[in-house]
Amino acid sequence: MGGRRIRLYLWHPRATAYDATIYFPWWHQPLFGYLVGLFLVVVTVLADQLVRSPHFIWTPFCLVTVFVGFIWGVGPALVTLIFGLLGFNFFVVPQYHLLTLNIENDFMLFVPFVFAQFIIAFLAAQHEVQYRRALRAKQEVQSYAQELAATNQQLERANHLKDRFVTRAAHELRTPLTTILGEAQFALRRLNKLEEPTTELLRWKKHIEKIEGRARGLHALIEELIDLSSFRSGEVQLRLSTCDFENLCRKAVEDLRPVSRRSLEFKGPSAPVILQADSERLFQLVINIIRNAIQYSQEDTVIHVSISTEPSHVLLQVHNDAPALSQEQQEHLFEPFYRTPYAETMFREGWGLGLATSKEIVERHGGRIWVESSEGKGFTCFVQIPLVGFSSS
């Protein structure tokens, strides 16, 4: 629309040729430049005839070549130069009687004019080369941007489909697994009620206990998968309400202390920390982080949980004495199913989903989660959540 399409072939490392399409407006075509150059030379000659000023008689012709060259390129510039020489020779020279019939003097008269014109044409050619390179680079960047946007859309669709598939698959597995777990628990209750079980029944009881244990682990995994996939697919909607974050964290510590049989120390402000949030999801978040600290630290160490408030946010810190993680490991820590080599070697249990789910919960609340780990200072997980209100009473 409104211009001619010019195809340029750019080299690209992934292909032998790259087909780029560049649109020039109609007035930027070389043919239009030839016509404009001729027209401007004619106007310059006529103006010189009317003004009849001997001062700067070469300047208008140079300016015309400069203008045409920098707009339309080297071809129109050279043609304009030739037209300018002809006009200068046949109209300007006779008008001012510049020819002296002395070859040396006449040569010295024309050399600066011709030299200046060729310099202008050369500069115009360089400008045109740079201009086309810029157009090629711009077109290449635009093409890459379009390809990247299309690829990102495809990846987003694929990721959404993956999350939906995981959610549906987990839901489908939940029902038969619940049945298996229920039947195993029922069989164990029946066996426990027997007053004098035989050796054969005791052997079967051990097998059923293993089935129950594995079923519980798979059931927990499925629940975590459903939670994570539901968050990532946007199916989970937060149920916002006013909640006391300090009280919520204190309750999580008290619930985990007897179960974990670990030393858990909690430090928080004496006043309530009021948030507008989904209290159930925040409780799940705090449980996940503290449980992660318990699971990946030695039994004789202390887990420190603390809360501090700033004017705009509340900060939760959970610290444990774990080996230092590299920067690369810290960057991958919140990815689903990621476990550090230390966790894989020393602790068999765990699926690497707790922190990934926690990250989704924090970000849905407009917050931020990160970790800091260094040699000799242990491992600390930070959670920053915006404050809606803070009461000192």
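What follows is a walk through one protein chain, from its overall make-up to a helix pair, a cavity, a pocket and a few single residues.

A word on the ground rules before we start. This is a predicted model, so local features need pLDDT of at least 70 and side-chain atom pairs count only at pLDDT 80 or more, while totals for chains, interfaces and linings use all residues. Residues are numbered from 1 along each chain as its sequence is written, and side-chain values use heavy atoms, with hydrogens and water left out.

Let's begin with the whole chain. It has 10 helices and nine strands; these are DSSP runs numbered from the N terminus, H or I of at least four residues for helices and E of at least two for strands. Of its 393 residues, 38% count as buried, where buried means under 20% relative accessible area, exposed means over 50%, and partly exposed is in between (1.4 Å probe, protein chains only). Now look at the contacts, meaning heavy atoms within 4.5 Å. Among those in the chain with a separation of 6 or more, 69% join residues 24 or more positions apart.

Next, the helix pair. Two packed helices are described by the angle between their axes and the distance between the axes. Here the pair is helix 7 (residues 279–295) and helix 10 (residues 354–364), whose axes come within 9 Å and cross at roughly 145°. The axes are lines fitted to C-alpha atoms over the stretch in contact, and angles run from 0 to 180 degrees between N-to-C directions. The crossing of helix 7 past helix 10 is left-handed, a label used if the near helix is turned anticlockwise from the far one by less than a right angle, with clockwise being right-handed.

Which residues meet there? From helix 7 come Arg281, Gln284, Leu285, Asn288, Ile289 and Asn292, and from helix 10 come Gly354, Leu355, Thr357, Ser358, Ile361 and Val362. By class, this contact has five nonpolar, six polar and one charged. For the bookkeeping, Ala, Val, Leu, Ile, Met, Phe, Trp, Tyr, Cys and Pro are nonpolar, Asp, Glu, Lys and Arg are charged, and the others, Gly among them, are polar. An α-helix has 3.6 residues a turn, so residues three or four places apart point the same way. Within helix 10, the buried residues are Leu355, Ala356, Thr357, Ser358, Glu360, Ile361 and Val362. Just after helix 10, Gly366 has a positive phi of about 75°.

Some of these names come back in the cavity. Searching the whole structure turns up one cavity of 30 Å³ or more, and the largest cavity holds about 40 Å³ of space. On a 1 Å grid over the protein atoms alone, a cavity is a set of points where a 1.4 Å probe fits but cannot get out, a pocket is an open set with protein on both sides within 12 Å along at least five of seven lines, and lining residues have an atom within 4 Å of a point. Points are joined across faces, edges and corners, and the volume is the space filled by probe spheres set on them. Ile289, Asn292, Ala293, Asn320, Leu355, Val371, Phe379 and Cys381 line the largest cavity. Helix 7 gives the largest share of that lining, three residues, and both helix 7 and strand 9 (378–386) supply at least two. The lining has six nonpolar, two polar and no charged residues.

Val318, in strand 7 (residues 313–320), touches several of the same names. Leaving aside neighbours within four places in sequence, its contacts include Ile289, Ala293, Phe379 and Cys381. Val318 counts as buried because its relative accessibility is 2%.

The second largest pocket holds about 160 Å³ of space. Its lining is Val236, Gln237, Arg239, Asp278, Ser279, Glu280 and Arg281, which divide into one nonpolar, two polar and four charged. Arg281 is also one of the helix 7 residues that meet helix 10.

Finally, a stop at helix 4 (residues 103–193), where Gln126 sits. Gln126 is partly exposed because its relative accessible area is 37%. Farther along are His171 and Glu172, both in helix 4. Are they buried or exposed? His171 is partly exposed at 35%, while Glu172 is exposed at 56%. The C-alpha atoms of His171 and Glu223, 52 residues apart along the chain, are 8.8 Å apart.
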